[in-house]
Every structure is written in structure tokens, then in C-alpha cells.
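Visitor: I'm new to this one, and I'd like to learn how to read it piece by piece. Could you walk me through it?

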Amino acid sequence: MKELQESINFIEHIIEEDLANGFPKEKLRFRFPPEPNGYLHIGHAASICLNFGLGEKYNAPVNLRFDDTNPAKEEQEYVDAIKNDIAWLGFKWANECYASDYFQQLYDWAVDLIKVGKAYVDQQSSEEIASQKGTPTSPGTDSPFRNRPIGESLDLFERMKNGEFPAGSYVLRAKVDMSSPNMHMRDPILYRVIHAHHHRTGGDWCVYPMYDWAHGESDYIEQVSHSLCTLEFKAHRELYDWYLDQIWDPKLLRPKQREFARRNLSYTVMSKRKLLELVQKNIVASWDDPRMPTISGLRRRGYTPTSIRKFSDLAGIAKRDNVTDVSLLEFCIREDLNKTATRVMAVLNPVKLVITNYPEGQSETLHLENNPEEPNSGTHEVPFSRELYIEREDFKEDGGKNFFRLSLGNEVRLKSAYIIKGESVVKDDAGKIQEIHCTYDPDSRSGSGTAASERKVKGTLHWVSIPHAIKAEVREYDRLFLDEAPDAHEDKSFLEFVNPDSLNVIKEAYLEPYLSHATLADKFQFQRLGYFTLDPDSKDGQLVFNKTVGLRDTWAKQSTKTPTQNQTKSKPTNQQQGQRKALNEIQQIGKKLTNLSGDKLETAIKSIKEFSQEVTYEELEPLFNTAAKKVGTRIAVMLALGVLLEKGQDKTQVVIDFIEAGKADGNDILRTEAEKLI
RNA sequence: UGACCGAUGGUGUAACUGGCAACACGUCUGAUUUUGGUUCAGAAGAGUCUAGGUUCGAGCCCUAGUCGGUCAACCA
């Protein structure tokens with residue numbers, strides 16, 4: 001019996017291999033190392049879920065370590081936000097660490113490096129240092145201070161630390177290799193002078209370690225076994241290892257860095273710098289604007305921790321560049337909310353509905369299921385009366401066959417209430433519908449058990465009772481960018497693709513009164529519309545709801561014959577195909593040829609012949625060498641050759657040889673086609 | 001014109017030391033449904049960037065290309 005084994009990613013493969021090679025499981029340890037200079041986004045969630053997920057899987061500790069080595073950019077506000085986000089996602093860190101906790105140790109090690117001649121103080125300008133660095137294709141040159149006496153470097157470094165020099169005046173550099181093909185090895189800077197207030201160490205330090213120096217050594221201090229980071233740090237690995245070599249005690253664990261691809265999401269950007277720009281330019285209101293791909297933005301939008309973790313899980317971890325479709329994220333939140341959200345009714349674009357045979361002044365209390373997916377979720381009360389609001393889109397005077405909603409002369413059910421029939425409309429001078437008049441079947445009340453209540457009608461509408469309804473603001477969101485990968489255009493700024501209609505505010509929506517008790521923690525499904533949650537902007541009596549995501553809507557998809565998403569998506573593909581050369585088409589079709597038969601085979605052969613009209617002999621000839629086993633391609637080439645011969649191509653020896661080879665082949669189709677060309 | 005990564009349906013990932021290319025999203029049918037939701041049943045869609053090679057057998061191995069990414073901050 002085959003066990004259905006859950007597939008593991010390449011990082012887990014590495015860990016499994018280490019374990020298999022004798023690495024003790026109890027020494028596994030991970031870390032999530034954010035720099036507190038911005039808010040976490042859905043891309044970070046991939047890293048968080050990877051590291052903490054590994055911790056859960058192997059029962060290993062995971063540290064939260066703030067990489068706070070640059071006081072100019074980092075703030076306590078970000079530390080707090082990051083901790084909040086990770087905790088919200090449901091992860092627990094073993095230790096809350098800071099690179100700044102290790103400043104003294106790092107400094108001491110740096111002094112040791114100087115003492116053994118592996119570091120020196122340089123006093124050139126950053127421009128000079130940069131120009132000496134060379135380029136990826138040409139080696140660098142040594143700094144004139146590279147061989148400064150050890151004692152002098154020691155003295156200068158101490159004075160740097162003591163604040164005797166202005167920022168930018170001196171740096172401490174590692175003495176590695178100025179001609180290394182790896183730019184990071186060309187005497188990288190270990191320390192620079194910065195006079196700025198640090199969020200934790202205040203004014204204690206005037207020198208701050210660079211990333212490479214701080215990061216690997218922090219991993220070592222914390223005895224992190226697997227230090228996982230994104231691909232752009234791949235080139236840093238050599239330096240990471242070199243630094244470790246200088247201080248590593250073989251009795252202790254030696255961390256190892258491995259890299260994975262960062263996660264991108266379609267129709268948004270995923271870099272802190274760009275997200276910050278959106279905030280600063282007021283394109284969005286804040287870091288937690290519900291349109292932002294930040295964890296805080298998604299939270300405010302109504303996403304749940306479960307949905308984000310599920311997304312990270314489904315999206316996976318690998319090493320190639322990627323743009324994950326937002327539809328996967330949307331699937332994850334719908335899946336979660338479908339199981340958990342309380343069903344309520346709300347009308348966003350109202351039109352008045354009058355039930356003419358329902359007694360004026362009367363009202364009654366009906367019961368609405370809280371969640372049909374959850375049998376024990378109970379019901380809540382919803383008032384019903386003679387005058388209701390329904391969605392304007394839910395009525396058409398003459399709906400036609402495929403319109404399942406209310407129209408004149410037709411019956412629909414009002415959700416959890418009665419079956420009604422459209423009778424007439426009242427319009428204003430402009431022809432806009434003011435009221436819809438209908439009659440109801442008093443015996444059809446939902447749940448009454450009568451035959452009338454169990455009648456089948458085409459559609460069911462949501463509604464709210466006008467005299468009982470409460471008003472609220474509802475904010476609907478669309479993708480922030482109109483382009484699938486807004487920051488992938490070399491010639492254009494991502495800002496050019498901002499969607500001007502990403503926010504739609506409905507000032508007056510009508511909700512059933514049950515929603516007056518909504519809290520920020522509640523998740524609702526506005527029936528037939530989508531999932532909604534309360535926004536923190538809400539005040540007493542002034543509720544504001546955010547639309548998290550709409551329900552799947554196959555009807556809208558059918559009726560709007562221009563599904564924008566798919567069209568924009570398929571366009572480039574079509575263009576590419578349109579531009580693809582005829583020869584490539586032939587090869588492509590040819591590959592499958594041997595798997596086809598009957599009509600499909602005929603069609604394939606026909607289209608190969610069509611494409612052959614656009615192929616020159618010069619293009620085709622190289623394919624005569626196609627390996628014998630690639631029969632499909634050879635058949636395709638044979639077919640194309642046939643077309644060229646018909647057009648007057650000479651039968652050279654090369655051609656004859658190819659045909660003869662075809663005649664001798666074991667494949668029937670190839671033989672037949674070859675014989676036709678004798 | 002260097003070094004290092006990467007390339008599998010529209011998208012994201014699988015395929016343990018070579019053995020019928022799998023899963024999810026998305027798309028399309030049909031059934032069920034007091035949400036045009038959910039659920040259920042099914043379908044289409046790639047022969048694994050190209051060309052050679054090794055092998056009984058290659059997405060996995062070898063060779064040569066092509067395309068994409070990363071690397072020259074006193075950022076991380």
C-alpha cells in the first residue's frame with residue numbers, strides 16, 4: 001500500500017539530510033530576524049510560517065531576533081508592531097532577542113580580529129572605498145590603509161567607539177580578499193561610526209556593526225542551527241562562513257545559512273521601501289490600510305491568522321522567482337470564513353420594496369440561521385415588516401430566462417421569510433425605480449413547515465426591514481494595482497499602475513439591527529455579498545464595515561462577458577504565441593503527435609502543414625538531426641518538408657537521406673509520411 | 001560580457017538514491033442547495049526552456065546553448 005506522504009520543501013529536505021547524517025534533533029533551532037524599520041507583510045509571513053512551522057514540526061525553539069544594527073532607520077514602534085503581528089498569527093517565540101544585545105560581544109570579537117591582523121581601520125571616504133572595490137567583472141585594489149599597524153587600528157577603533165570621530169570618518173574593515181569574484185569578500189566593512197539614538201542602547205555606542213558581521217555571529221551566539229533567509233543573501237553566504245571561521249569554537253554548533261525565494265503576490269508590491277512610499281505619498285491611508293499587503297492591513301481587512309497560515313502553506317517554499325496569484329489568498333480566506341462567519345443581511349445599494357398585502361404597521365420576528373455550515377451555531381432574530389430594502393440589482397422589470405431574481409410577475413423567496421411576487425413599480429420622472437410593489441404568500445413563511453413554505457422558487461434575496469434597519473458605512477476594496485506585477489517594469493514606476501478605484505465607500509448601507517452589537521473580533525457574511533468585518537474607525541452608533549472579500553460569483557462572471565482579470569492575464573500569453581515562430585509551433589505540435597490518433601491526429605497534421613507555409617528550408621534543415629527517439633518531432637519535420645517540396649524545394653542529398661531514414665523508422669506514421677515524399 | 005542561482009499546465013508547488021509528471025488555486029460541465037455561496041461528481045489544460053548525449057528507461061545524470069534573477073550601500 002502506498003502511503004500518501006505529504007511533500008516536504010527543499011529546506012526540510014536539507015534538515016532531514018542533516019538529521020540523517022547525525023545532527024542531533026534536539027539541537028535544531030531557528031530564528032525569524034526582522035529589521036524593525038517597517039511593518040511585516042504577507043511575504044514575511046512566508047518566512048515566519050517557514051521558521052516557526054519548522055519549530056513546530058521538529059519541536060525546536062524559534063527565536064524572534066530584531067536585527068537592530070542601524071539606529072538611523074529603526075524604531076520601537078516597529079518592534080511593537082512586529083511582535084503584535086507574529087503573536088496574532090499564532091506563533092510563540094522561544095526568546096525575544098536583539099542584535100543590539102550582542103554589541104559588546106561583537107565589539108570584542110572585532111578587536112580580536114584586529115589583533116590577529118584580519119581587520120583594519122580605514123579612513124577613506126565611502127566614494128574612495130567604493131571605487132577601490134572594483135566591479136563584479138574586475139578585481140578591486142587594496143586600500144592604502146590595509147596594512148596599517150595593528151596597534152594603530154586598535155587605537156583608532158577604540159576612539160571610534162568612544163565617539164571621538166564624526167560619522168563617516170572611519171570604518172573598520174575585515175581583511176579578506178580584494179580580488180575575490182564575490183564582491184562581499186572585498187574587505188567588507190565591519191563597523192561604521194554613527195551618532196544616533198538607538199531604540200534600545202540609546203547613546204551607549206558610537207560604532208554599529210554591519211549586517212553581515214552582526215547576523216551570522218548572532219546566529220552563532222543563539223546557536224541557531226539553520227539560518228534561513230531570502231535568495232538575495234546567497235552571495236553573502238561566503239562571508240557569513242568566513243566570519244564564522246574567525247570565531248567558531250568547534251565544541252559549539254555552527255549555524256548554516258540557506259536561502260529561499262521571497263514570495264510575491266500578484267497585483268501588489270512587496271518591499272518595505274515601496275510600501276512606505278505608498279504610505280508617505282498618501283496613496284493609502286496607513287501601513288494598516290486594508291488595501292495593503294501588510295499583516296496589519298490584512299488583519300484590518302478581515303483576514304484571519306488561519307487563512308494567512310494556510311496561504312503560506314499552500315504557496316510553498318522554493319528557489320525560483322514567483323508571483324503567486326491573489327486568488328489563492330482569497331481562496332484561503334473564503335474557506336476559513338465560510339466555516340466561521342456569522343450570516344447576516346445587509347443591503348448596500350437599496351431600493352424600496354412594499355408588500356402591498358402585508359398589514360400596515362405590523363411587524364414580526366423571524367429567525368436567521370447563524371451559520372448553515374455549523375449546525376450548532378443557532379439562530380438570531382431578524383425583524384420583518386411591510387416595507388423592506390432589497391438590492392437594486394436584484395430586480396429587473398423583465399428579467400428573462402436566466403435572471404433568478406425578482407421581476408414583475410415572478411416569484412422569489414425573501415431569505416428566511418416569505419415568498420413574494422413582483423406586481424408593479426413606481427418610477428420617478430427620470431424613469432428611475434422608486435419603489436417595487438409586490439404581494440406575499442402568507443402561508444410561505446420559512447420554517448413554518450407548510451407546503452407553501454417548501455415550494456421551489458428560482459431565487460432567494462436578502463433584505464432588511466426599513467423601519468428596523470441600522471445605517472452603516474461600508475468600504476469595499478479592489479486590488480491596489482492594475483498590473484499583475486507592478487514593480488516588474490524596468491521603464492515604469494510601480495506608482496503608474498495604482499488603481500484609482502481601489503477604494504469604494506458606501507456612506508449609507510442598511511443592516512439588520514443584530515449588527516449594532518458587532519465587535520472588532522466578529523466576522524460576518526453579508527449574505528449573498530461577501531465577508532465583512534468591523535473597522536476600528538467605527539464609533540458608537542457610527543459603524544464602519546470593511547469588505548474582506550466577495551463571495552464567489554459565477555453569475556457575475558457569466559453576465560459580464562469581459563472578465564478583466566482573465567483577459568489581462570491571457571493577453572501576454574497570446575501575444576507570445578502570436579509572435580512565436582512557425583517552426584516552434586511545428587516542433588511544439590510535433591512533440592505530441594505520437595500520442596494522438598483519429599481526428600486529433602488529423603487536426604494536428606493539418607495545422608503543421610499550415611505552419612509549414614511560413615517556414616524556410618534553411619530553418620528546417622537543422623532539425624533533420626533530431627534524435628531518432630524523438631519521433632514526433634521527426635514526423636512534424638517530415639510533414640513540413642513535404643510542404644516545402646511541393647513548393648519546389650530541391651531534393652538535395654541531405655533531404656533524401658532524411659526521407660530514407662524516415663522510411664526505415666519503426667514508427668508507422670513517420671514511415672507513411674516519408675513514403676509519400678519519395 | 002565575470003561569478004552564483006533558477007527554469008515543470010494560466011498561477012504556485014510535488015515527483016525519496018533515474019521507473020506511467022502529482023497536488024492546490026484558477027477555468028469549464030453537471031448535480032444538490034431557502035446564499036447564482038457551500039458541498040458533490042466530472043472535464044479540459046504541461047510531456048518538464050532548447051539541442052545533443054548516457055541509459056532498457058531521463059523532469060531528475062552529462063555536454064553545449066537560451067532565457068530570467070542576484071551581486072559593485074558606511075542598508076538589511
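Guide: Happy to. One idea before we look at a sheet: two strands count as paired if DSSP finds at least two bridges between them. Keep in mind too that this is a predicted model.

Visitor: Okay, in what order do the four strands of the open sheet come?

Guide: The order is E4-E5-E6-E7, and these four strands pair in the antiparallel sense. At the edges sit strand E4 (119-122) and strand E7 (207-209), each of which pairs on one side only. Going from one strand to the next, the twist averages 20°.

Visitor: How many bridges join E4 to strand E5?

Guide: Four bridges join E4 to E5 (residues 171-174), and the two run antiparallel. For a single pair to look at, take Val-121, whose bridge partner in E5 is Leu-172.

Visitor: Which sheet has mixed pairing?

Guide: That's an open sheet of seven strands, in the order E19-E16-E17-E18-E12-E15-E20. Its edge strands are E19 (460-461) and E20 (464-465), each pairing on one side only. For a parallel example, look at strand E16 (residues 411-414) and E19, which pair over two bridges. There, Leu-414 stands opposite Leu-461 in E19.

Visitor: Next, the faces of a strand. Which residues of strand E13 are on the covered face, and which on the uncovered one?

Guide: Strand E13 covers residues 363-369. Glu-364, Leu-366 and Leu-368 make up the covered face, while Ser-363, Thr-365, His-367 and Glu-369 make up the uncovered one. E13 also has a partner: seven bridges join it to strand E14 (residues 379-385), and the two run antiparallel. His-367, from the uncovered face, stands opposite Glu-381 in E14.

Visitor: What about the loop between E13 and E14? Is Glu-374 there buried, exposed or partly exposed?

Guide: For the cut-offs, buried means under 20% relative accessible area and exposed means over 50%, with partly exposed in between. Glu-374 lies in the loop between E13 and E14. Its relative accessible area is 38%, so Glu-374 is partly exposed. You can also look for a contact across the chain: Glu-374 and Lys-339 are 35 residues apart along the chain, and their C-alpha atoms are separated by 7.0 Å.

Visitor: Can I try another residue that way? Where is Lys-161 found?

Guide: Lys-161 is found in helix H6 (residues 150-161). With a relative accessible area of 25%, Lys-161 is partly exposed. The C-alpha atoms of Lys-161 and Tyr-208 are separated by 8.8 Å, with their positions 47 residues apart along the chain.

Visitor: Now helices. At what angle do helix H11 and helix H12 pack?

Guide: For the general idea, angles under 35 degrees count as roughly parallel, over 145 as roughly antiparallel, 65 to 115 as roughly perpendicular and the rest as oblique. Helix H11 (residues 305-315) and helix H12 (residues 326-340) pack at an angle of about 135°, with their axes 8 Å apart. H11 and H12 are therefore oblique to each other. Their crossing is right-handed.

Visitor: And how do helix H7 and helix H8 cross?

Guide: H7 (residues 211-222) and H8 (residues 237-247) cross at roughly 60°, and their axes come within 9 Å. That makes H7 oblique to H8. The crossing of H7 and H8 is right-handed.

Visitor: What is phi of Gln-223?

Guide: Phi of Gln-223 is near 55°, a positive value in a residue other than glycine. Gln-223 lies in the loop between H7 and strand E8 (226-230). Arg-528 is another case to look up: its phi is near 70°, also positive in a residue other than glycine. Arg-528 is in the loop between strand E23 (523-526) and strand E24 (530-534). At 33% relative accessibility, Arg-528 counts as partly exposed.

Visitor: Zooming out, which domains does the assignment give for chain A?

Guide: Domain 1 is 10-99 + 219-265, domain 2 is 102-211, domain 3 is 272-340 + 474-553, domain 4 is 346-461 and domain 5 is 576-676. The C-alpha centres of domain 2 and domain 4 lie 75 Å apart.

Visitor: What does UniProt list for residues 27-338?

Guide: An unreviewed UniProt entry lists "domain: Glutamyl/glutaminyl-tRNA synthetase class Ib catalytic" there. Over residues 27-338 the chain is 40% helix and 12% strand, and the end C-alpha atoms are 41 Å apart.

Technical notes
Residues numbered from 1 in each chain as written. Chains lettered and ligands numbered in written order. Predicted model: local features only at pLDDT ≥ 70, side-chain atom pairs only at ≥ 80, totals over all residues. Heavy atoms only, no water. UniProt positions renumbered as here; feature names shortened; annotations may be inferred. Domains from an automatic or database assignment. Buried < 20%, exposed > 50% of the residue type's maximum accessible area, 1.4 Å probe, protein only. Axes fitted to C-alpha atoms, helices over the stretch in contact; angles between N-to-C directions. Left-handed = near helix turned anticlockwise from the far one by under 90°.
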